[in-house]
Amino acid sequence: MRGIIKDFPGVRALNNVTFTANKGEVLALLGENGAGKSTLMKILSGVYPHGTYEGDILVDGKTCRFANTRDAEAAGIAIIHQELNLIPGLSIAENIFLGREPKKVSPLGIIDWNQMHKDTQRLLERLRLPFRPTDLVSTLSVGQQQMIEIAKALSINADILVLDEPTSALTESEVEKLFEIINELRTSGVTMIYISHKMDEIFTISDRITVLRDGSSVGSAMIEDVTRDQLVTLMVGRDISQLFPKVEQTPGDVVLKVEGYSAKSPKGDGYLLNDIEFQVRAGEVVGFAGLMGSGRTELVNSLFGALEAKADGKVEIEGQPVSIRTPQDAIRHGIAMVTEDRKESGLVLNMTVKENTSLASLKRLSSRLGVINEQAEEGLARQYMKELRTKTPGSSAVVNNLSGGNQQKVVISKWLATKPKVLILDEPTRGIDVGAKVEIYQLINKLTAEGVAVIMISSELPEVLGMSDRILVMREGTIAGELSRSEATQESIMQYATGGV
Amino acid sequence: MNTGMNSVALNGANRKISSGELLNKYSTLIALGILFIIANFVSSHFAQPQNLTNITMQIAVNGILAVGMTMVILTGGIDLGVGSVVGLTGIVLAMTQGYGLVPAILATLIAGMIIGLWNAFFITKFNIPPFIVTLGMMTIARGFALYLSEGSAMPLETNRFFEALGSGYVSIGGSSIVFLLLAGALIWIGFRNLKREGASLPAILSLVLSLGGLGLFAWVYLSYQGIPYLVLVFGGIVLWGIWILNKTTFGRYLYAIGGNAKAAYLSGVNVKANLVKVYVTSSVLAAIAGIIMTTRVGSADPNGGNMFELDAVAAAVIGGTSLAGGYGTIGGALIGAFIIGILNNILILANVNPYFQFIFKGLIITAAVLLDMKNKKKQ
Amino acid sequence: MNTGMNSVALNGANRKISSGELLNKYSTLIALGILFIIANFVSSHFAQPQNLTNITMQIAVNGILAVGMTMVILTGGIDLGVGSVVGLTGIVLAMTQGYGLVPAILATLIAGMIIGLWNAFFITKFNIPPFIVTLGMMTIARGFALYLSEGSAMPLETNRFFEALGSGYVSIGGSSIVFLLLAGALIWIGFRNLKREGASLPAILSLVLSLGGLGLFAWVYLSYQGIPYLVLVFGGIVLWGIWILNKTTFGRYLYAIGGNAKAAYLSGVNVKANLVKVYVTSSVLAAIAGIIMTTRVGSADPNGGNMFELDAVAAAVIGGTSLAGGYGTIGGALIGAFIIGILNNILILANVNPYFQFIFKGLIITAAVLLDMKNKKKQ
Amino acid sequence: GCGANQTSSGNGTDKPASSESKKIVIGVSVATSQEAVYKFMEKAMRDNEKKDGVEIKWVSANNDANKQVADVENLIAQKVDAIILHAVNTGTAKNIVKKAEDAKIPVIAMDRLPEDAKVVAYVTADSFKVGQTQAEFILKQINNKGNVVILEGEAGNSVAKAITAGNKDALSKVSDVKIVASQPHQAWARDKALATIENLIAKGEKIDAVLANNSGMAMGAVQALKAKGLIGNVAVIGSDADKDASQSILKGELRADIDKKPYDLGLGAYKIALAVAKKQDWKAAVSGLGTVSTQDNGTAGKVDALLTPIKLITKDNVKDMEERWGKLD
Ligand SMILES: Nc1ncnc2c1ncn2[C@@H]1O[C@H](COP(=O)(O)OP(=O)(O)OP(=O)(O)O)[C@@H](O)[C@H]1O
Ligand SMILES: Nc1ncnc2c1ncn2[C@@H]1O[C@H](COP(=O)(O)OP(=O)(O)OP(=O)(O)O)[C@@H](O)[C@H]1O
Ligand SMILES: [Mg+2]
Ligand SMILES: [Mg+2]
């Protein structure tokens, strides 16, 4: 790709980017949120058709002008998008072959279901996925859906495969499977462009890296030639001395205490949560580790009153037993929860930064009759924009236009504005660049210093290890073990998480 | 009635399905069954073959519209114009009948097609919400119908084809052959599925239900005067619709567009082309409904089809189609059309005060969907 | 007309806004302006104060319904029952008038409230799509209206209050005071915003536009007979609606629910309670519209309000409200109601063939939204 | 079987097989129930139902011609003895009559005559005549000179068209009268009629008279004229003589209205249906209800008709309407 320039109204997303990938290599494309990685890849794969950008795409030396994604596919380019692009109401097979269905009578468009199901079965077996081609995608978890996306990309048999943050929702074992596949493809000469914010993965899988910053490419290097710190500096344009700037606090009184907490599955087969018991002190960060699907999200959702299944057990806040049935109750009792999917459940995307920030504390900002005090609202938004260093054109910018990291900061602002005693962070750094991650860690430090009790769920073990005072490991809806900061290691956590103790 | 069949073919059947799921799957059918039983108590005339034959003739127009409406709603759109299109195309048929049967029918279908293209043009080219474009078409088509007819009903000339279509029956012998063929097809498909996917409860159940339904229809028609021609057309359109949605790329794309238009687009589905097709389909089906209605009443009424769009939407939604798009079946819409038709029928049989009929109708539409939702919730 | 004001207060004005964005912001207003100019060419009577006064009186009912409809649509719902509720509440008013003015009006509003609660109950408790619940209400309320009135129109007794509301005017002096107060308030708010957010182009523009609009209205009413009382009620409801959406938690929650109901729920918004409120609001506004229509025509017609729901939805959507929820303003809906009202007016002034009126109306509704979309696309 | 087997059909069992012992069932299919006049048609029949041992099945088509086909099919399926048809659309009702004919059920057309259909009898207050009478009254009021407005009902509705045609027929006989507007109104809505008059006044049209297809729209016109202080100068006439219209006449606002005597209309249709069902001569049964004549009906030739009188209601005789509406004030 040569001299690519792409403008969106008000922003230049790509500014004269030139970018090459060699045949058969895995090229990692790095950069902060909003650096333009996805945009560049969307241009390559025909999402933004020829004419909506400047510059040329050269595949095997030939200039290509894609009018749509079909053209790009025909040229051998497949992409796994950052967001899931599946249709929930359709089956796995239908999703994989959407737009490319094998047909019996082509002009009539009669689908050859046998062929399609057979091909799908083969793909699923290759990825060792235990589903049938006819299962509906809506019944799969997000990670499983991501694997279907991968299957879909593989089914194209592309020469160039773009993977835009494919692992953000995958379990460890699924990541391993993916890496096996990538290695297979590499040996068969497929070129891959791999985008991720996870440094470990970059060093495990890639041959070469290219870094984008603010819409320009700032460098490229073989993976052997760079260190992690160099890479980070290249990406964010400044030194980050410490990835996990943990500041230890002396824990105060117990703020949240949970005892004998269980929740039955609404489907009637067994427990989602079984006899959970733990407590969190003021100023303490309790990390929750566990495999995907171990019930961490369910636990915190349930504590927050947002789980449909009814739960029994004792919950105490600052020594007072409380009953929480709805998020409203939870907020009233001083609990705040940053949900794991900011687009789906964290933000009202078409509202402004200010409106999102105030959403959970609007009652406090308004008179008894419900009239909003606009000055107070504006003040609140500005206060948190400043405290969290949110990059936004203003408090009245629509959040949809912010980068992922800044969107996450808006979600956190919303919850900090409720002045919580307990802050639950579910995957707070998913899909966020290194720079923003560190800022969020620093924020956690600041909160603990102010005496907030923090629960942090994360699937990135280094993060749990780096930021928690104590780590609780969950497995199949129970707490499998507790580790103090000093005794916790990746291995000890994994042992509890997989039941291998 | 053989949608059970198709959705099974779609979902596969060799995983265990709980009774709750079965209940959910057939909830609309169960609602229909309940209504059927109530109707039987309300009036002894209800279950007479003649009355049941009448009901199928009465729902044909709404049923045909509901097929098109379901397809449109699957994409997340709506077509509020169909009622007026029924009226307008009836007028077109009456005006062009002098040129001969085939030219008249062609002209009518082309009128429907042009209307569909108009709708699709504004929807796909300018992204105007379908609600508005088709609301506009609702008044535009009505205006043309009134203008062309100068506000008067236009009689159809006596014509064997129109008479047969409007009120003729296939002979009992012919009808028997149709039913035998259908039964054969059902059994063949059913056993093929059973063989392919194993003998699961839902597969067997849907075969039994389809055969039962077919048997009921056979009894009704054969013990009266045979299959009405217009029901034959209607049935053909329903089967065609089920086939399109389940077996063709066009059908699957409709679900995909309604489920996640962006994902469909990124997968290389030509979203706009498929939207054009679906709005044209809806309007052409409305033109067919217009032809049927005109032959049935014997003349074209420029005010004909008034408010039919709402009944068509109701049929689709009662049948489980989601107005947000992505979910729904033609079989469901057919059941929905039956529920509405039986409702109108028993309100008349029971001699209910006409004012109360309004109230009952509103209540029962709500109740039918309520039943559906309650079952869905249990899942 | 002073929505510009409010949306500025909402969006802040201290960032640079391009002319494209401005065009987009005011696209519906521009459409109205174009229609206004065309209307002037079509008939020299159009811009007469008397005619313009008439138009505002004629759109009041649709405008009031559009306020409620906009709120409902903001949440992603729809209320198809409002037309029938207008008819039913008119009958309730006529039936209860014997008990005195205040009890009659209270009974009417309570009837509206009960209907709203019924709608809300099925929507929030059983998750039945609003389209279906309110479609059911459309026939149920019509049935009750017909049943209670036995199908006859019911006259309103002569009563000073009803006469004033239906066709009376605030004296010229009183009207002048109202305008002075409004102008004062506008200037005060405008300058406060200018001071708070700096003198940006949009802030100044919206102040100028609001004052211009106010001036136009002042000219119209003061050079005819003053402000009609029913326009005063209508204007009050519009201002109330704008205030609710921009200044209160309820209004904010409506946007949040339509934008992302799950996120709103997780942020502690009581989604169900707010939905109950919005459906009750819509039905109570329909009851007020029913009172106004009844006093205006002097009697309650059980068939009154037929199809009004479609005009109300059209007004909201022409005004830029998204049927998917989350976007929309009362000011836009007001402009939408004006576009529809002016359209009906000039078709009669121009003595257009009645059948063509249908066609024009459909075309112009499409065109109005088209203009809006084209501007939005440019952004 | 305790019925008197007067006309024993000869099978000698105690099955009540004779037509006499069976209750006579009359099906009535009306276009709409949404207006007051239909209630009086129904009342005329209900008043006699018990006495004559008849069962009435009353169905209403909500102004939907297609639904009316279904309604009549349902009546046929219930094996009614006679059908009284009040057609949604006279142009489209021929097939309905044919369906009944095929089932050997006699059809009596009430108020509206299905074109080209061979009905047993046609009972009518004659909408065209209503229109003529309206116009003749108005012409007297304005001394055969001036501007008139016709407020038509729903576009394409056959009654609306017949009344309007009657209006135009009578008005066209006078050269100095100008029809300044003839405008249909969706759902015959009074608020829309009100807006039409307002707009015409604003346009500067001098209006001398308004002829409305029904009372509701006439009242809309009255309201608009009242608001502009013009009610004294403009003669307004409606049709159906609704309660509020009657009151308005009493108050001297609405100038006149036409009473189509729906009760007589209904009674006439009922009596004919009953006689026909009993295979008796119906002409004797309706003596005193109106005049019996014949009317041309296109390809169907001549059909027998019972013309019930229509009555012009003015301030002089409006008190007569109290019989129907109770005390007017
Ligand atoms: N459809 C769009 N409309 C307007 N601006 C956009 C659009 N898509 C992206 N942008 C902007 O373009 C810039 C680059 O975005 P892009 O999604 O390519 O970033 P990225 O590097 O993939 O970030 P992340 O790591 O968060 O995925 C950002 O400033 C973003 O806000
Ligand atoms: N919406 C849902 N429908 C069906 N099953 C679900 C749903 N959400 C979660 N589950 C199942 O519930 C179990 C617990 O999931 P949960 O999301 O709480 O896990 P987790 O430990 O938080 O993992 P993650 O890291 O993915 O958030 C898993 O088996 C998961 O598949
Ligand atoms: Mg990206
Ligand atoms: Mg989780």
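Which chains, among the five pairs that touch, share the most contacts? Chains B and C do. This is a predicted model: local features need pLDDT of at least 70, side-chain atom pairs count only at pLDDT 80 or more, and totals for chains, interfaces and linings use all residues. Residues are numbered from 1 along each chain as its sequence is written, chains are lettered from A and ligands numbered from 1 in the order in which they are written, and side-chain values use heavy atoms, with hydrogens and water left out.

**View 1. Chains B and C about their axis.** Chain C superposes on chain B (least squares on the C-alpha atoms of residues with pLDDT of at least 70 in both) by a rotation of 180 degrees, with 0.0 Å of shift along the axis and an RMSD of 0.1 Å. That is the relation of a two-fold axis. Both copies use the same surface: 100% of the contact residues of chain C recur in chain B (contact: heavy atoms within 4.5 Å). Within chain C, the residue that comes closest to the rotation axis is C:Ala324, with its C-alpha at 4.4 Å.

**View 2. Chains A and D, without contact.** No contact joins these two chains. Their closest C-alpha atoms lie 35 Å apart.

**View 3. The shell of ligand 1.** The shell holds 15 residues (a residue is near if one of its heavy atoms lies within 4 Å), and A:Asn33, A:Lys37, A:Ser38, A:Thr39 and A:Gln82 come nearest. Four are nonpolar, eight polar and three charged. The classes are these: Ala, Val, Leu, Ile, Met, Phe, Trp, Tyr, Cys and Pro count as nonpolar, Asp, Glu, Lys and Arg as charged, and the others, Gly among them, as polar. Helix H1 of chain A (residues 37–44) gives the most to this shell, with three residues. Helices are DSSP runs of H or I, at least four residues, numbered from the N terminus.

**View 4. Backbone atoms at ligand 1.** Polar backbone atoms lie by oxygen atoms of the ligand at A:Gly34, at 2.8 Å, at A:Gly36, at 2.9 Å, and at A:Ala35, at 3.2 Å. On its own, ligand 1 has 630 Å² of accessible area (Shrake-Rupley method, 1.4 Å probe), and the protein covers 74% of that.

**View 5. The surroundings of ligand 2.** Residues around this ligand include A:Leu291, A:Met292, A:Arg296, A:Glu340, A:Glu427 and A:Ser459. The shell divides into two nonpolar, five polar and four charged residues. A side-chain polar atom of A:Thr297 is 2.5 Å from a ligand oxygen atom. For A:Ser294, again through the side chain, the distance is 3.0 Å. A:Gly295 brings a polar backbone atom to 3.0 Å from an oxygen atom of the ligand. The protein covers 56% of the 620 Å² of accessible area that ligand 2 has on its own.

**View 6. An aromatic pair in chain B.** The structure holds 28 aromatic pairs over all chains. One of them joins B:Phe122 and B:Phe126, 6.0 Å centre to centre, with 35 degrees between the planes, and is tilted. Rings of Phe, Tyr and Trp (its six-membered ring) pair if their centres lie within 6.5 Å; planes under 30 degrees apart count as stacked, over 60 as edge-to-face and the rest as tilted. Both residues lie in helix H6 of chain B (residues 101–126), four residues apart, about one turn of the helix.

Notes: A polar contact is a pair of N or O atoms within 3.5 Å; within protein, one must be able to donate a hydrogen and the other to accept it, and residues adjacent in sequence count only if both atoms are side-chain atoms. Helices (H or I, at least four residues) and strands (E, at least two) are DSSP runs, numbered from the N terminus.
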